[in-house]
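Trainee: I'm new to this one and would like a close look at a single part of it. Could you pick one spot on the surface, then work outwards from there to the rest of the chain?

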Amino acid sequence: MDGRYLISLCDVFIGAGGTMTSEASLLGKPTISMAPLPFYVERYLVVSGLVKRACNSKNLIKLTREMIMDNGYATKQKKKAKRILDKMDDPVDKILSYVENLA
């Protein structure tokens, strides 16, 4: 199954702080993490405003409702994600540079 396609179908993505949580947030999808332990990537995404963290089911429901009811929230998240992605290095360029330096 194509994860990106599944994420595109969601109004809000709820994950456990791993790869798909990162992908959803960087695609601009409203994202909530319920990771049992915070990961360094998740911390970055929370601090940058791309992910909200829910600490229990009551908080999860509250955050989900807020994201769905705020008509402009998804648009803001897409813009925020694009702004952050535009500042990031392309990993392909980094890998190619590393491989070229090995030769």
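**Starting from one leucine**

Mentor: Let's start with Leu6, which has its place in helix α1, residues 3-9. Keep in mind as we go that this is a predicted model. Is Leu6 buried, exposed or partly exposed? Leu6 counts as partly exposed, because its relative accessibility is 36%. That value also clears the bar for joining a patch, since patch residues need over 30% relative accessible area. And Leu6 does have company: together with Met1, Tyr5 and Leu9, Leu6 makes a nonpolar surface patch of about 490 Å².

Now zoom out to see what that patch belongs to. The chain exposes about 7,300 Å², and 61% of that comes from carbon and sulfur atoms. On the buried side of the ledger, 31% of the 103 residues fall into that class. If you boxed in the C-alpha atoms along the principal axes, you'd need roughly 55 × 30 × 30 Å.

What is the chain built from? You'll find 6 helices and 3 strands. Reading from the N terminus, the elements go α-β-α-β-α-β-α-α-α. How much of the contact network joins residues far apart in sequence? Take the contacts with a separation of 6 or more: 35% of them are between residues 24 or more positions apart.

Charges are the next thing to look at. The chain carries 16 positive and 11 negative side chains, with the centres of the two sets 10 Å apart. Some of these charges pair up, giving 5 salt bridges. Glu42 and Arg53 form one of them, with 3.0 Å from N to O. This pair ties together distant parts of the chain, with Glu42 in helix α3 (residues 40-47) and Arg53 in strand β3 (residues 51-53), 11 residues apart. The two partners don't sit in the same accessibility class, either: Glu42 counts as buried because its relative accessibility is 2%, while Arg53, at 32%, counts as partly exposed.

Two other bridges stay inside a helix. Lys62 and Glu66 meet at 2.8 Å, N to O. They're 4 residues apart in helix α4 (residues 57-69), so about one helical turn separates them. Lys62 is partly exposed, with a relative accessible area of 46%, and Glu66 is partly exposed too, at 40%. Next come Asp86 and Lys82, whose side chains meet in a salt bridge of 2.8 Å, N to O. Here the helix is α5 (residues 73-87), and since Asp86 and Lys82 are 4 residues apart, about one helical turn lies between them. Asp86 counts as exposed because its relative accessibility is 54%.

One last stop, and this one is a loop. Ser48 lies in the loop between α3 and β3. Ser48 is partly exposed, with 23% relative accessible area. Which residues does Ser48 touch, leaving aside its neighbours within four places in sequence? Those contacts are with Lys80 and Ile84. Asp93 makes a handy yardstick here: Ser48 and Asp93 are 45 residues apart along the chain, and their C-alpha atoms are separated by 24 Å.

To get your bearings on screen, go back to Leu6 in helix α1, pick out the patch Leu6 shares with Met1, Tyr5 and Leu9, and then follow the chain along to the bridge between Glu42 and Arg53.

Key
Residues are numbered from 1 along each chain as its sequence is written. This is a predicted model: local features need pLDDT of at least 70, side-chain atom pairs count only at pLDDT 80 or more; totals for chains, interfaces and linings use all residues. Side-chain values use heavy atoms; hydrogens and water are left out. Patches are made of residues with over 30% relative accessible area and no salt bridge: like charges are joined within 9 Å, nonpolar side chains (Val, Leu, Ile, Met, Phe, Trp, Tyr) within 5 Å. Accessible areas come from the Shrake-Rupley method with a 1.4 Å probe; for residues, only the protein chains shown count as cover. A salt bridge is a side-chain nitrogen of Lys or Arg within 4 Å of a carboxyl oxygen of Asp or Glu. Buried means under 20% relative accessible area, exposed over 50%, partly exposed in between (1.4 Å probe, protein chains only). Contact means heavy atoms within 4.5 Å. Lys and Arg count as positive and Asp and Glu as negative; His and the chain ends are not counted. The place of a charge is taken as NZ of Lys, CZ of Arg, CG of Asp or CD of Glu.
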